[in-house]
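Subject: Structure handover

Hello,

Here is the structure you are taking over. Notes on what was found in it follow below the display.

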Amino acid sequence: MNNNLATWFELPAADLGRAQDFYRQVLNSTFKLEEMNDMNLAIFEAEEGAVSGMLVQGECYQPSETGAVVYFNGGADLNEPLAKVEAGGGRVLVPKTPIHDGDCGYFALLIDSEGNRVGLYSPA
């Protein structure tokens, strides 16, 4: 277990393949596929000790625009991943927005291909 406040996340997916394609396109993510207790999982590959999570397709997992928000690392400039959102089947809710005039970086909110509201963060 690491010392990060957040240690794991799970994003519901109605179509696991479509969700993987979205995150591959927008964030260049790679996945490890697994099955567990009648659920299909696509685990985000991450460096040892990094906070990570998974896309999950199962009876108890329903995508939502109104639930908790997970913020992903948007790289050096949010404009790059944001430019790929619509082509990946998502939509931008809040465009690149400065936090404290940019002194604390930038954020954006989007709806992914499955209907989940997620965030992006970058320092520039």
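Leaving aside neighbours within four places in sequence, L55 is in contact with L11, L16, A19, Q20, Y23, F31, N40, L41, A42 and F44. Please keep in mind that this is a predicted model.

Cores

L55 is also one of the residues with the most contacts inside the largest nonpolar core, which has 21 residues. The others named for their contacts there are L11, Y23, F44, F72, L82 and L110. Two or more residues of this core come from each of β1, α1, β3, α2 (79-85), β7 and β8. The largest share is that of α1, with 5 residues. Another core, of 5 residues, lies apart from this one and includes M39, L41, I43 and V56. L41 therefore belongs to that other core, although L41 is among the contacts of L55.

Sheet

Four strands form an open sheet with mixed pairing, in the order β1-β4-β3-β2. At its edges stand β1 (8-12) and β2; each has a single partner strand, so one side of each has no neighbour in the sheet. On average, neighbouring strands are turned by 25° against each other, with direction ignored.

The partner of β1 is β4 (residues 52-57), and the two pair in the parallel sense over 5 bridges. In this pairing W8 stands opposite S52 in β4. The helix α1 lies across β1, β2, β3 (39-44) and β4. Relative to β4, α1 runs at about 145°.

S122

S122 is in strand β8 (residues 117-122). Is S122 buried or exposed? With a relative accessibility of 0%, S122 counts as buried, because the cut-off for buried is under 20%. Its side chain has two backbone partners to note. The side chain of S122 reaches the backbone oxygen of A124 at 2.5 Å, and the backbone nitrogen of L78 at 3.5 Å. Apart from neighbours within four places in sequence, the contacts of S122 are G74, G75, A76, D77, L78, G105 and Y106. L78 thus appears both in that contact list and as a backbone partner of the S122 side chain.

Positive phi

Most residues other than glycine have a negative phi. Two residues go the other way. N28 has a positive phi, near 60°, and is found in the loop between α1 (16-27) and β2 (31-36). D101, also not a glycine, has a positive phi of about 60°. The loop that holds D101 is the one between β6 (91-98) and β7 (106-111). How do the two stand in terms of accessibility, buried or exposed? N28 is exposed at 59% relative accessibility, and D101 is exposed at 72%; the cut-off for exposed is over 50%.

Cysteines

How many disulfides does the structure hold? The number is 0. A disulfide would be a covalent bond between the sulfur atoms of two cysteines. C60 is exposed, with a relative accessible area of 73%. C104 is partly exposed, at 39%.

Regards

How values were computed. Residues numbered from 1 in each chain as written. Predicted model: local features only at pLDDT ≥ 70, side-chain atom pairs only at ≥ 80, totals over all residues. Heavy atoms only, no water. Buried < 20%, exposed > 50% of the residue type's maximum accessible area, 1.4 Å probe, protein only. Polar contact = N/O pair within 3.5 Å; in protein donor to acceptor, adjacent residues only side chain to side chain. Contact = heavy atoms within 4.5 Å. Pairing = 2+ DSSP bridges. Axes fitted to C-alpha atoms, helices over the stretch in contact; angles between N-to-C directions. Disulfide = S-S within 2.5 Å. Core = buried A, V, L, I, M, F, W, Y, C linked by side-chain atoms within 4.5 Å.
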